[in-house]
Amino acid sequence: MEIKEIEAVLFCIHCNEEQDHIITYINDKISKIECVHCHHSVEIKIDLLHEFYHEVYEKIVHKPAEITEEYRSDLSKFLLSLPVRIIKKPYSIYKYMKQTRDVFKAFKEQQKREK
């Protein structure tokens, strides 16, 4: 799970003109749009647990097919890369869990600030 921010020029209804806006995405879903000039923001509620479960489910469901396709296309390359992948996998899982935890933490902090 990841948070991305991009900048775009959109029409601001409070400024009555086109202004730079920061659009915040959580897993390719818009969660917030904020005007850089007047700081008016529109927030879209996202169910983080649902997003997390969906993401993990997709990874679990599609991984066997990916592995099968890899070894069918080139078995020798697959077997040579297997030891490295086995060593790297715990770190990649750790990195993913840390990134997801940071998203949840940032989301909770944002909700506290709003109250």
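The following exchange between a student and a tutor works through the strands, helices, core, surface patch, cysteines and salt bridges of a predicted model.

Student: How many bridges join strand E1 to strand E2?

Tutor: Strand E1 covers residues 3–12 and strand E2 covers residues 17–26. The two strands run antiparallel, and the number of bridges that join them is 10.

Student: Within that pairing, which residue of E2 is the bridge partner of valine 9?

Tutor: Because E1 and E2 run antiparallel, and a pairing requires at least two bridges between the strands, the partner of valine 9 is to be sought along E2. The residue of E2 that takes this place is aspartate 20.

Student: Which residue in the turn of the E1 and E2 hairpin has a positive phi?

Tutor: The hairpin formed by E1 and E2 has four residues between its strands. One residue in this turn has a phi of about 60°, and that residue is asparagine 16.

Student: How many disulfides does the structure hold?

Tutor: A disulfide needs two cysteine sulfur atoms within 2.5 Å. The sulfur of cysteine 12 has its closest cysteine sulfur in cysteine 15, at 3.7 Å, which is too far for a bond. For cysteine 35 the closest cysteine sulfur belongs to cysteine 38, and that distance of 3.7 Å is likewise too far for a bond. The number of disulfides in the structure is therefore zero.

Student: Is cysteine 35 buried or exposed?

Tutor: A residue counts as buried when its relative accessible area is under 20%. Cysteine 35 has a relative accessible area of 1%, and cysteine 12, at 3% relative accessibility, also counts as buried. Cysteine 35 is therefore classed as buried.

Student: Which helix gives the most to the largest nonpolar core?

Tutor: In soluble globular proteins, nonpolar side chains tend to be buried together. The largest nonpolar core here has nine residues, namely Met1, Ile26, Ile46, Leu48, Phe52, Tyr96, Val103, Phe104 and Phe107. H1 and H2 each supply at least two residues of this core, but the helix that gives the most, with four residues, is H2.

Student: What accessible area do the residues of the nonpolar surface patch have together?

Tutor: The patch on the surface is formed by Ile67, Tyr71, Leu75, Leu79, Leu82 and Ile86. The elements that give two or more residues to the patch are helix H1 (48–73) and helix H2 (75–114), and H2 gives the most, with four residues. Together the patch residues have an accessible area of about 520 Å².

Student: Where does tyrosine 71 lie, given that this residue is partly exposed?

Tutor: Tyrosine 71 has a relative accessible area of 36%, and this residue is one of those that form the nonpolar patch. The element in which tyrosine 71 lies is helix H1.

Student: What distance separates the C-alpha atoms of valine 36 and valine 84?

Tutor: Valine 36 has its place in the loop between strand E3 (29–35) and strand E4 (41–43), where its relative accessibility of 38% counts as partly exposed. Valine 84 is 48 residues apart from valine 36 along the chain, and the C-alpha atoms of the two are separated by 45 Å.

Student: How many residues apart are lysine 4 and aspartate 28, whose side chains meet in a salt bridge?

Tutor: Side chains of opposite charge can pair when their charged atoms come close. The N to O distance between lysine 4 and aspartate 28 is 3.1 Å, with lysine 4 partly exposed at 34% and aspartate 28 exposed at 58% relative accessibility. The pair links distant parts of the chain, since lysine 4 is in strand E1 and aspartate 28 in the loop between E2 and E3, and the two are apart by 24 residues.

Student: Which residue of helix H2 forms a salt bridge with lysine 98?

Tutor: Lysine 98 is partly exposed, with a relative accessible area of 34%, and its partner, at 33% relative accessibility, also counts as partly exposed. The two residues lie four residues apart in helix H2, about one turn of the helix. Their closest N and O atoms are 3.4 Å apart, and the partner of lysine 98 is aspartate 102.

Student: How far apart are the closest N and O atoms of glutamate 66 and lysine 63?

Tutor: Both residues lie in helix H1, three residues apart, about one turn of the helix. Glutamate 66 is partly exposed at 40%, as is lysine 63 at 32%. The salt bridge between them has its closest N and O atoms apart by 3.8 Å.

Technical notes. Residues are numbered from 1 along each chain as its sequence is written. This is a predicted model: local features need pLDDT of at least 70, side-chain atom pairs count only at pLDDT 80 or more; totals for chains, interfaces and linings use all residues. Side-chain values use heavy atoms; hydrogens and water are left out. Buried means under 20% relative accessible area, exposed over 50%, partly exposed in between (1.4 Å probe, protein chains only). Patches are made of residues with over 30% relative accessible area and no salt bridge: like charges are joined within 9 Å, nonpolar side chains (Val, Leu, Ile, Met, Phe, Trp, Tyr) within 5 Å. Accessible areas come from the Shrake-Rupley method with a 1.4 Å probe; for residues, only the protein chains shown count as cover. A salt bridge is a side-chain nitrogen of Lys or Arg within 4 Å of a carboxyl oxygen of Asp or Glu. A nonpolar core is a set of buried Ala, Val, Leu, Ile, Met, Phe, Trp, Tyr and Cys residues joined through side-chain atoms within 4.5 Å.
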